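Colleague: I'm new to this one, so could you walk me through it? Let's put the model up and I'll ask as we go.

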Amino acid sequence: MADVAVIGAGMGGLAAAARLAHAGHAVTVFEAAPTYGGKLGVTRLGEFTFDTGPSLLTLPHVYRDLFAETGGDLDEHVDIVPVDPLCHYRFPDGSVLDLPHAEHEVAPALAAALGPDAGEQWTRLMSRGRRLWDLVGEPVLHRPLNGVPDLLRHSRNVRDLLAIAPWRTLRGAGRGLADPRLRMLLDRYATYTGSDPRRVPALMTVVPYIEQHHGGWYVQGGLRRLADALHAHCRELGVRFHFAAPVTGIDTDGRGVRGLRVAGESVPADIVVSDADAHHLHRDLLTDPRAARARRALARTQPSLSGFVLLLALHGTTTPRRHHRVLFPADYDAEFDAVFGQRPRPVDDPTVYVCSPDDPTVAPSGHEAWFVLVNAPRHGPVHWDAPGLAKDYADKVLAVLAARGLDVRDRVLHRAIRTPADWERDTGSVGGSLYGSSSNGARAALLRPANRSRVPGLFLVGGSAHPGGGLPLVALSAAIVARLIGPA
Ligand SMILES: Cc1cc2nc3c(=O)[nH]c(=O)nc-3n(C[C@H](O)[C@H](O)[C@H](O)COP(=O)(O)OP(=O)(O)OC[C@H]3O[C@@H](n4cnc5c(N)ncnc54)[C@H](O)[C@@H]3O)c2cc1C
């Protein structure tokens, strides 16, 4: 049995803690914030409850497996329900698409909304997505990946590598789609990894494929319930938690990690698992020279985008009622230029995403709790704490919504704003990046910081390590780390 110290009680840290405790280790979690969940947060405004982070759950079986493999049953704790339609899209020409939850209904819905060829073109692209998923799903997402030689070993033959074609971009993969609205739809999936469709590898075609094949899901009461369930499960497994306990350093010697420093005190540990942002880990917590290479590699990556969030408590209900809405701008590239370009700035005419669950436990009857998200450059390049900026930008986002047919300005009872600076303060992600490093470029997409550090005894989980950000992937990173550490 090893003494394992976990830095951070985000979903990656919690998932790793559950697996390691079930494997017989003594696990203690140190979390800087006063609560667990990390980006999977919750806020209450009056009688309204808001998820402040994730609003769409994909691959729910990853969490079911996590519970089942650690002696629990997720469905005893949460009610995971399908979202149908999965998303309502509004394109710049005013046309709309309700993307169904069921995969077999997608092509007919596309044909009906966008024209007869649209369904067929999309289906062709999705079958490429399925082939890529078959090639990379198992080798890349379920195993550690440590450098290009590893990737080559996992690709069974040259034809596999040609299919993966790491040099092709998602934008390039969409060239076969004749309708610009379909290309816009595809581009949007780059943002699921916080990236730019013009630079993210075509491999990301797996993202819409996974979403459509496995569906999009909601957790009744809000996605935060997933964090509640996993935290409770960890406690049952004997994991100990210290909240408001920021880790300020990792102690190492010639043999490897010796422990942590928490509030000036040394805490011995045989193994350290870090769920903290990999930039923060390498910049602020770790001075060991064996981490120099990882630090240099990280310095070469471009961080993923951040998000500007508006939480709106509204009186009245919107018709038609839709759980997820995406309202596209006229110029999608201008958005990526603003976020990732030489002169980062808040997006002038952003894509607006609205999540408005039809769930009586989050808003009183006749009311709605809206989570509104637009892509945003990180805090740092843009000074999001500048006086007036957040308020003015929130007003602008409401005006954009109104211009696209959703004017709710006279329905607002309460509103709250969360900027990239808030993400940085509350979750320790550098600049408020939502998904660690972006996948802008093939190397960046496939070769994120490895789960096993070169410092013996130090392991990395969570969205900034392999295999990446998003709720399912951070739980998969925990499964990889638990396997690397092994049973007690
Ligand atoms: C607005 C928003 C929308 C999103 N939408 C979706 C979505 O719809 N679907 C989806 O799947 N994903 C979504 N994501 C991404 C998803 O939330 C993350 O990928 C995932 O929750 C990250 O989990 P994590 O454990 O890697 O990191 P985090 O949740 O960031 O947790 C890291 C934890 O470590 C703690 N920590 C950091 N440094 C220290 C330290 N020095 N000492 C102690 N503790 C420390 C932090 O306080 C934090 O609690 C979204 C994220 C945001 C913010």
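Colleague: Let's start with a single side chain: is R181 buried or exposed?

Modeller: Keep in mind that we're looking at a predicted model. R181 is found in helix α8, which covers residues 180-188. Its relative accessible area is 15%. Buried means under 20%, so with 15% R181 counts as buried.

Colleague: Okay, and which side chains does the side chain of R181 join through polar contacts?

Modeller: There's a polar contact of 2.9 Å between the side chains of R181 and S95. Another polar contact, of 2.7 Å, links the R181 side chain to that of D179. Your two names, then, are S95 and D179.

Colleague: Now the ligand. Which residues come nearest to the ligand?

Modeller: The ligand has 35 residues around it. By class, that shell has 17 nonpolar, 14 polar and four charged residues. The ones that come nearest are E31, K39, G463, G470 and L471.

Colleague: Which helices each supply at least two residues of the shell around the ligand?

Modeller: Look along the chain for helices that give at least two residues each to the shell. They are α1 (11-22), α11 (278-285), α15 (420-427) and α17 (471-485).

Colleague: What distance separates an oxygen atom of the ligand from a polar backbone atom of L471?

Modeller: Let me put that beside a couple of other pairs. A backbone N or O atom of M11 lies 3.1 Å from a ligand oxygen, and an N or O atom in the K39 side chain is 2.8 Å from an oxygen atom of the ligand. For the polar backbone atom of L471, the distance to a ligand oxygen is 2.7 Å.

Colleague: And how much of the ligand's accessible area does the protein cover?

Modeller: On its own, the ligand has 1000 Å² of accessible area. The share of that covered by the protein is 94%.

Colleague: Let's turn to cavities. Which residues lie nearest the centre of the largest cavity?

Modeller: The structure holds one cavity of 30 Å³ or more, and the largest cavity has a volume of about 120 Å³. It is lined by 14 residues. Nearest its centre lie T49, F50, D51, Y218 and P357.

Colleague: Which elements give two or more residues to that lining?

Modeller: By class, the lining residues divide into nine nonpolar, four polar and one charged. The elements that give two or more residues to it are β4 (48-51) and β17 (367-376).

Methods. Residues are numbered from 1 along each chain as its sequence is written. This is a predicted model: local features need pLDDT of at least 70, side-chain atom pairs count only at pLDDT 80 or more; totals for chains, interfaces and linings use all residues. Side-chain values use heavy atoms; hydrogens and water are left out. On a 1 Å grid over the protein atoms alone, a cavity is a set of points where a 1.4 Å probe fits but cannot get out, and a pocket is an open set with protein on both sides within 12 Å along at least five of seven lines; lining residues have an atom within 4 Å of a point. Grid points are joined across faces, edges and corners, and a volume is the space filled by probe spheres set on the points. Helices (H or I, at least four residues) and strands (E, at least two) are DSSP runs, numbered from the N terminus. Ala, Val, Leu, Ile, Met, Phe, Trp, Tyr, Cys and Pro count as nonpolar, Asp, Glu, Lys and Arg as charged, and the others, Gly among them, as polar. A residue is near a molecule or strand if one of its heavy atoms lies within 4 Å of it. A polar contact is a pair of N or O atoms within 3.5 Å; within protein, one must be able to donate a hydrogen and the other to accept it, and residues adjacent in sequence count only if both atoms are side-chain atoms. Accessible areas come from the Shrake-Rupley method with a 1.4 Å probe; for residues, only the protein chains shown count as cover. Buried means under 20% relative accessible area, exposed over 50%, partly exposed in between (1.4 Å probe, protein chains only).
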